[in-house]
Amino acid sequence: MPEDTPVFFDFPHQQRALPDIQETERELPVLPLINTVLFPHMLAPLFVGRERSVAVIEEVTGKDRLVLAIAQREPDLEEAGLNELYTIGVEAKVQRALKMPDGTTSVVVQGLRRMRIIEVTQTNPTLRVRAVPLYVDEERTLAVEAMMRAVLSLFEKVVKLSRTLPDDAYISAMNIDEPGWLADLIVSTLPLDVAHRQEILETLDPEERLRRLSTMLTQELDVLELESRIQNQVQKEVDRSQREFFLREQLKAIQRELGQEDPIQRELLELRERVNASGMPDVARAKAMDELARMEVMPPAAPEYSVIRTYVDWLLGLPWTEATEDNRDLRAAATILEQNHYGLPKVKERILEFIAVRQLAGSKHKSPILCFVGPPGVGKTSLGRSIAEALDRKFVRLSLGGVHDEAEIRGHRRTYIGALPGRIIQTMKNAGTINPVFMLDEVDKLGSDFRGDPAAALLEVLDPEQNNTFSDHYLDIPYDLSRVLFITTANLLDPIPDALLDRMEVIELPSYIEDEKLQIARRFLVPKQCEANGLSPDTIRFSDEALRQIIRLYTYEAGVRNLEREIGAICRKTVRRIAEARPYNRVIKPSLLEKHLGAPRYNYGLAEEADEVGVATGLVYTSNGGDTMPIEVTLMDGKGNLTLTGQLGEVMQESAQAALSYARTNARRLGIESRRFDKVDIHIHVAEGAVPKEGPSAGITLATALISALTRRAVRHDVAMTGEITLRGRVLPVGGIKEKVLGAYRAGITKIILPRKNEHDIAEIPANLRRRLICVYVSQMDEVLTETLCPQTETKRSSKKKTKTATPKAPLSEPSDKTAE
């Protein structure tokens, strides 16, 4: 207990007879008080523990027993000087002093009168001061009488509401006739701090003292009334809950006597049985049982009850042990893959390898994480369905395009209102088995913002070493994803973070060549559209030449989506004519295409139909596959300025600068006058200016077109090229060779110039297509010029001929971003 702290006050029923004290200034030892203020007429016990305070008690015990009790301003100070004490205190008499076993001294003091310190007479070993008593005329006027009654009325209410004040306090106050003494008594009983008590002690006028006390009583009464109101509300809620609990227990007893069962208990019992039969791991079962135990002691109307019930339902709805038996018949799986998809040998081989390894390794083999990369429409998503069919597994798909919130993958914690598991767990619940084929579509189109990075959340999902303990924020328990066969799809690899890409086995799906599209249309698309539009196979038939014309003149894509749409349009028009009982064509020939589909939308053949000066054909790789890209260079009188147009990126602009530097450095060897560079302005333009272009692979194309314009030698129109150029004229390897070569072949170009270090990439192109192409591998720019520039005599002859340039193959209204790398 803090020293110098009173334990109780003696409430006198009548005025005590005070000892006769001479009313002059006196020299008294000071007894500092901590956290309390002593008032006149009050009897209070104190525990004294500080050395100087004990010395004061010992000093006055054998004398007159009088001390000056003054409150200390800062209760934390161990030794208080005069500056740390208030100037007004109470002269008190030590009635009793008793040493305690713990070394402290228990004293009982009685306040006598107010006194003010005048001066300090001694500081050691004890603090002694000279003080003068303070007297006030306590005449009982009408105003004082009214204030006494008001204070007594407020004090009565405070005593009734307070749980700490005894009723004797009000009785003692009623028996006091002096207004000042009444104020001192009441303020000593209230739970006030030292500053407010000292304020009353220093107020000498009894009427003013009562007025200030009235304000303090009013504030205390407001606090007590609010506390009482809150306590009553809480008590009502507790009483109601207890009443409901007792009534519910009585209802249970009555139902047991009648042989009936409580529906809530029956529901909890069913949930327990389902948890035990679900095959959950021990951690999940313990978690579910804990939540059911909470539900059992919780009223059904409580908001938390429905939250727990939803959580338990999610635990019960997830597959924990349910699994489908894998199809381990390699021949049957290969037949299914061949029936559903044409070509794609790498993908089919990888799936058959997976089935073969499962036969030998069993459950020891961890499921691979496959990533199908290719242009739109090449069959990535449908291939996932075929894999599920070949393995005899469930197939589920989750589109990640546009997902920006990490909680979409991991879920929200249950502290949030309306929280749910992430989409991974939701999809697993829909699958109903623990080993489905799980396709994560468009993984390259994930976004990130202030809500988190979903790609980072996928690192655990797509890591075979970690996904056996996948943690969802909502479930808050590990969930095993190791038996799931994850397949992701993407159009480009560049947007995928390196850490995520490192966890996946990338399988590229190339663009389809014309022969492959023809086979796909004949085997899959035509039967599918006929069935979708209600036509039998005998009703309508497409000739091979008609399908080729649709591919060449009405579509320009890496996949077959638009091809399927055009076939569907012809089927719909045929169905309408049948419905109207009008004659229709049973065989769709090339001559009927314009009637059904309108005028051709694309030109098939070479991008350039004649050799021209300053025009070279490059190759680009876009999200839609490979394509050709004509680059034009023109010269005009000027001062050697270089202008670049066509929305060229920073890297491509640097390639143009490198090409120009190469031409200027080798001007004499190329037959160009060095002074000519300072007399002409050079304008380089890349067609389809609305489409952004970037990458270094157009370097040799830019250099060829530039040197052609400077030397007036035409560029062969049947040659396309790709490769990066250095200032020394070296040709460096680039990416996307396979797609670029297929794009050139679709454009009708059969001679392609490639960097020598890209020669191994040609092996990925089908053998039948390689036989139709002439690939020239170069390592220096001189080799490029030899293969692309016409001799000077041929240039003169070709300049006399009328040349024309075919219109762009892609419609200007539907541009697609092109990247030269």
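**Entry 1: cavities**

I began with enclosed space in this predicted model. I counted two cavities of 30 Å³ or more. The volume of the largest cavity is about 100 Å³.

I then listed what surrounds the largest cavity. Its lining consists of Val30, Pro32, Arg50, Arg52, Ser53, Val56, Glu78, Glu79, Ala80 and Leu127. I sorted these residues by character and found five nonpolar, one polar and four charged.

Which elements each supply at least two residues of this lining? I noted β1, residues 26-33, and α1, residues 51-61. Helix α1 gives the most, with three residues.

**Entry 2: the largest pocket**

I turned next to open space. The largest pocket holds about 650 Å³. I found 24 residues in its lining. Those that lie nearest the centre of the pocket are His341, Gly379, Ser382, Lys528 and Val560.

I asked which elements give two or more residues to the lining of the largest pocket. They are α12 (380-391), α17 (514-532) and α19 (561-579). The largest share comes from α12, with six residues.

How do the residues of the pocket lining divide by character? I recorded eight nonpolar, eight polar and eight charged.

**Entry 3: isoleucine 387**

I stayed with helix α12, where isoleucine 387 has its place. Is isoleucine 387 buried or exposed? Its relative accessible area is 0%, and a residue under 20% counts as buried, so isoleucine 387 is buried.

I looked up what isoleucine 387 touches, leaving aside neighbours within four places in sequence. Its contacts are Leu337, Ile351, Phe372, Leu485 and Ile487. I took one of these, leucine 485, for a closer look. Isoleucine 387 and leucine 485 are 98 residues apart in sequence, and their C-alpha atoms are 9.9 Å apart in space.

**Entry 4: glutamine 339**

I located glutamine 339 in helix α10, which covers residues 330-340. The relative accessibility of glutamine 339 is 52%; the class of exposed residues begins over 50%, so this glutamine counts as exposed.

I also compared its position with that of serine 386. The two residues are 47 places apart in sequence, with 9.2 Å between their C-alpha atoms.

**Entry 5: backbone details**

I checked the peptide bonds and noted one that is cis. It runs from asparagine 124 to proline 125, with omega near -5°. Proline 125 is in the loop between β5 (105-122) and β6 (128-133).

I then looked at positive phi values in residues other than glycine. Aspartate 392 has a phi near 65°. Its place is the loop between α12 and β8, the latter being residues 395-399. With a relative accessible area of 49%, aspartate 392 is partly exposed.

Glutamine 647 also has a positive phi, of about 55°, although it is not a glycine. I placed glutamine 647 in the loop that joins β19 (642-645) and α21 (650-665). Where does glutamine 647 fall on the scale of exposure? At 41% relative accessibility, it counts as partly exposed.

**Entry 6: the chain as a whole**

I closed with the overall figures. The chain has 27 helices and 27 strands. Why do I describe the chain as more spread out than a compact globule? The globule rule gives 28 Å for 821 residues, whereas the radius of gyration is 49 Å, well over that value, so the chain is more spread out than such a globule.

I noted the extents along the principal axes as well: the C-alpha atoms fill a box of roughly 140 × 95 × 60 Å.

I recorded the accessible surface of the chain at about 40,200 Å². Carbon and sulfur atoms account for 49% of that surface. Of the 821 residues, 48% count as buried.

Finally, I looked at how contacts are distributed along the sequence. Among contacts with a separation of 6 or more, 75% are between residues 24 or more positions apart. The contact of isoleucine 387 with leucine 485, residues 98 positions apart, is one that I had already recorded.

Technical notes
Residues numbered from 1 in each chain as written. Predicted model: local features only at pLDDT ≥ 70, side-chain atom pairs only at ≥ 80, totals over all residues. Heavy atoms only, no water. 1 Å grid on protein atoms, 1.4 Å probe; cavity = no way out; pocket = protein on both sides within 12 Å on 5 of 7 lines; lining within 4 Å. Points joined across faces, edges and corners; volume = space filled by probe spheres on them. Helix = DSSP H or I, 4+ residues; strand = E, 2+ residues; numbered from the N terminus. Nonpolar A, V, L, I, M, F, W, Y, C, P; charged D, E, K, R; others polar. Rg over C-alpha atoms; globule rule 2.2 N^0.38 Å. Buried < 20%, exposed > 50% of the residue type's maximum accessible area, 1.4 Å probe, protein only. Contact = heavy atoms within 4.5 Å. Areas by Shrake-Rupley, 256 points an atom, 1.4 Å probe, with all protein chains shown as cover.
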